[in-house]
Amino acid sequence: MKYNKINIYNRHFSQNRINPLRPEWFDYEQTFVNLLATTDFDRCRLTVVFEREEDYDSYFIKKYEDYAEFDVKFIDTSRDKWLNLTNEDIAWSRSIAAAAEVINNDHLPSDELIYIVDDDFLHVPQWTMIVEDYIEHFFDNENFWICLCDYGDKYYFIDNKHTIDQYGTDLGMYASLKSKLRISHYCHWRSVPNCLTSSMVPVNTFNRDFDPYWKTGYSDGSLCSKIKEQYGTEFWTPIKSLSCHTAHPFLPPFIDWETLSNMTLTSEKINV
């Protein structure tokens, strides 16, 4: 199937907590620069979804408004607004629901794609072309998700919660994972049992799932489990990865993510 546009919804939070799992080279501003530098704006439309409108003028994104054309939309994640409306009374669910509300209110054409991505994802150059090529040549229906991140937990699972005792192996819940493989023009693709909320879906698929799941704040594995059970939705990721959720220990393998984090808006082609 061929889609006319990828609508990127890049979620940002003005008050990010310190995360000890971040690589020492991680930087939120450089991650946003990487998105601007790797995105094909002839194929994509970018919307920044921002919490706390009162903080925007002092946030780093504002200074890039002259570099690329993007919209900024503000969300209210206050507990008073979302109390008893989300599946969990936590800030993350409220944020997912509020972002989904923004997307739903945009009333996007049915021949376009939605790519929801958080502010801590790096991307490789040409990711737009690679994912569009795969979708165009391998899908004749719209019941799919694509996560651009080949998340490292599918290869290993190291934590402090007695993983070996629980699963019999340090590979954790994915020790017995079996995937279908496809070969596109640019990379391999594998089926996976679930994706991150930061994924790409057809507009029609998002609309189908909005009322029961997105607007109530389901995310990641819980969201994927529900739509897979109800609709048999397929989830696919690329090998090598096209994006990186920048947190240890699950950085996707084979890519020099630190080099990509240092891209500038005028970077030459980078060998990753």
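# A guided tour of the predicted model

Begin by selecting Glu136, which touches Met1 and Lys2 once residues up to four places away in sequence are set aside. As you look, keep in mind that the coordinates in your viewer come from a predicted model. Glu136 is found in helix 4, the run of residues 127-138, and with a relative accessible area of 35% the residue is partly exposed. If you now add Thr86 to the selection, you will have two residues that lie 50 residues apart along the chain, and their C-alpha atoms are separated by 35 Å.

From helix 4, step back to Gln126, which lies in the loop between strand 5 (121-123) and helix 4. The backbone deserves a look here, for Gln126 has a positive phi of about 70° although this residue is not a glycine. Its relative accessibility of 47% makes Gln126 partly exposed.

Another residue of this kind is Arg52, whose phi is also positive, at about 65°, although Arg52 is not a glycine. You will find Arg52 in the loop that runs between strand 2 (44-51) and strand 3 (70-75). While you are there, show the side chains, and you will see that Arg52 and Glu54 meet in a salt bridge, with 3.6 Å from N to O. Are the two partners buried or exposed? Glu54 is exposed, with a relative accessible area of 58%, whereas Arg52 counts as partly exposed at 35% relative accessibility.

Next, select Lys62 together with Glu65, which form a salt bridge whose closest N and O atoms are 3.8 Å apart. Both ends of this pair can be described in turn: Lys62 counts as partly exposed at 32% relative accessibility, and Glu65 counts as partly exposed at 34%.

Where can you see salt bridges joined into a network? Select Asp40, Arg43 and Glu132, and you will have before you three residues that are linked in a network of salt bridges. A search of the whole structure finds 16 salt bridges, and the stops on this tour include some of them.

Now move along to Thr205, which lies in helix 6, residues 203-210. Thr205 has a relative accessible area of 3%, so this residue is buried, the limit being under 20%. Which residues does Thr205 touch, if those up to four places away in sequence are not counted? They are Glu142, Asn143, Phe144 and Trp145, and showing them with Thr205 lets you look at this set of contacts in one view.

After Thr205, select Asp209 and Arg208, whose side chains meet in a salt bridge with an N to O distance of 2.8 Å. The two partners fall into separate classes of accessibility, because Asp209 counts as buried at 1% relative accessibility, while Arg208, at 26%, counts as partly exposed.

For the last stop, select Ile239 and Lys240 and display the backbone between them, where a cis peptide bond joins the two residues, with omega at about 0°. Lys240 itself lies in the loop between strand 10 (234-239) and strand 11 (243-245), and with those two strands shown on either side you can place the cis bond along the chain.

Methods
Residues numbered from 1 in each chain as written. Predicted model: local features only at pLDDT ≥ 70, side-chain atom pairs only at ≥ 80, totals over all residues. Heavy atoms only, no water. Salt bridge = Lys/Arg side-chain N within 4 Å of Asp/Glu carboxyl O. Buried < 20%, exposed > 50% of the residue type's maximum accessible area, 1.4 Å probe, protein only. Helix = DSSP H or I, 4+ residues; strand = E, 2+ residues; numbered from the N terminus. Contact = heavy atoms within 4.5 Å.
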